[in-house]
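Below is a short note for a colleague who is meeting this structure for the first time. Please read the points with the structure open.

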Amino acid sequence: MLSSRVVTTPAARTVLKQSAAALTSRYLTTLSTHHSIPTWATLDPNELGTVSTHTVLNAVGGKWQKDGDIAKKLIIPNPLNRDGLPICTVPDTSVDELGPFIESMESVSKSGVHNPLKAVERYLMYGEISRKVRTYCLIMGVLLYER
């Protein structure tokens, strides 16, 4: 019976590691040079965990919470480099901090915003947004689902 284990020398393992690192670097460089980040994007995926840490914020009452208003955060580590910068920090909202969220939800009207007869302009706006997304995807070469 043949063993599935490969026996290599330390020198061969070093060469394999260097080759893998070179291929990974070449692949990541290719990815980052062929895809441009849109101007409206607030996060550059090529910089995640390498240049800066992205901060995720909560939205309450139609406004983003300030970073200082968040009591506790979860730190999402970089899975590719445990010694590098974390990818992002996410608010860890506790039960005691839910008051503003509940008030915000209670202030939303129960009728009208989803009714096309009461809010025609919203449906026209969403139609225009969908058209722009489709145009952007066609320009960028992204294939959308079609029947």
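Leaving aside its neighbours within four places in sequence, which residues is N58 in contact with?

1. Contacts of N58. The model is a predicted one. In it, N58 touches K63, W64, Q65, P91, T93 and F101, once the neighbours within four places in sequence are set aside. N58 itself sits in the loop that runs between β1 (54–55) and β2 (59–60). With T93 there is also a polar contact, made side chain to side chain at 3.0 Å.

2. Burial of N58. The relative accessibility of N58 is 17%, and the limit for a buried residue is under 20%, so N58 counts as buried. A reader checking this residue can look at its loop between β1 and β2 together with the partner side chain of T93.

3. Q65, a contact of N58. Q65 belongs to the loop between β3 (63–64) and β4 (73–76). Is Q65 buried or exposed? Its relative accessible area is 19%, which means that Q65 is buried under the 20% limit. Apart from neighbours within four places in sequence, Q65 has contacts with L57, N58, V60, I70 and F101. F101 is thus listed among the contacts of N58 and among those of Q65.

4. The chain as a whole. Three helices and five strands make up the secondary structure of the chain. Read from the N terminus, the elements follow the pattern α-β-β-β-β-β-α-α. The chain has 147 residues, and 10% of them are buried. N58 is one of the buried residues, and so is Q65. About 12,700 Å² of the chain is exposed, with carbon and sulfur atoms supplying 62% of that area. Taking contacts between residues at least 6 apart in sequence, 40% join residues at least 24 apart.

5. The sheet. Three strands form an open sheet in the order β1-β5-β4, and their pairing is mixed. β1 and β4 are the edge strands, each of them paired on one side only. Between β4 and β5 (residues 88–91) there are four bridges, and these two strands run antiparallel. Within the sheet, K73 is placed opposite P91 of β5. P91 also appears in the list of N58 contacts.

6. Salt bridges. How many salt bridges are there? The count comes to three. Side chains of opposite charge can pair when their charged atoms come close. One of the pairs is D67 with K73, at 2.4 Å from N to O. Both residues are in the middle class of accessibility: D67 is partly exposed at 38%, and K73 is partly exposed at 32%.

7. K72 and D92. Another salt bridge joins the side chains of K72 and D92, with an N to O distance of 3.7 Å. This pair links distant parts of the chain, since K72 is in the loop between β3 and β4 while D92 is in the loop between β5 and α2 (99–106), 20 residues apart. D92 has a relative accessible area of 24% and is partly exposed.

8. E128 and R131. A salt bridge also connects E128 and R131, whose closest N and O atoms are 2.6 Å apart. Why are these two residues about one helical turn apart? They are three residues apart in helix α3, and that is why the separation is about one helical turn. E128 is partly exposed, at 35% relative accessible area, and R131 is partly exposed as well, at 45%.

9. A71. This residue lies in the loop between β3 and β4. A71 has a relative accessible area of 66%; the limit for exposed is over 50%, so A71 is exposed. Along the chain A71 and E97 are 26 residues apart, and 8.8 Å separates their C-alpha atoms.

10. A nonpolar surface patch. Which residues make the nonpolar surface patch of about 480 Å²? The patch is made by W40, Y136, I139 and M140. Of these, I139 is found in helix α3 (residues 120–140). I139 is exposed, its relative accessible area being 65%.

Note on methods:
Residues numbered from 1 in each chain as written. Predicted model: local features only at pLDDT ≥ 70, side-chain atom pairs only at ≥ 80, totals over all residues. Heavy atoms only, no water. Buried < 20%, exposed > 50% of the residue type's maximum accessible area, 1.4 Å probe, protein only. Polar contact = N/O pair within 3.5 Å; in protein donor to acceptor, adjacent residues only side chain to side chain. Contact = heavy atoms within 4.5 Å. Patch = residues over 30% accessible without salt bridge, like charges linked within 9 Å, V, L, I, M, F, W, Y side chains within 5 Å. Areas by Shrake-Rupley, 256 points an atom, 1.4 Å probe, with all protein chains shown as cover. Salt bridge = Lys/Arg side-chain N within 4 Å of Asp/Glu carboxyl O. Pairing = 2+ DSSP bridges.
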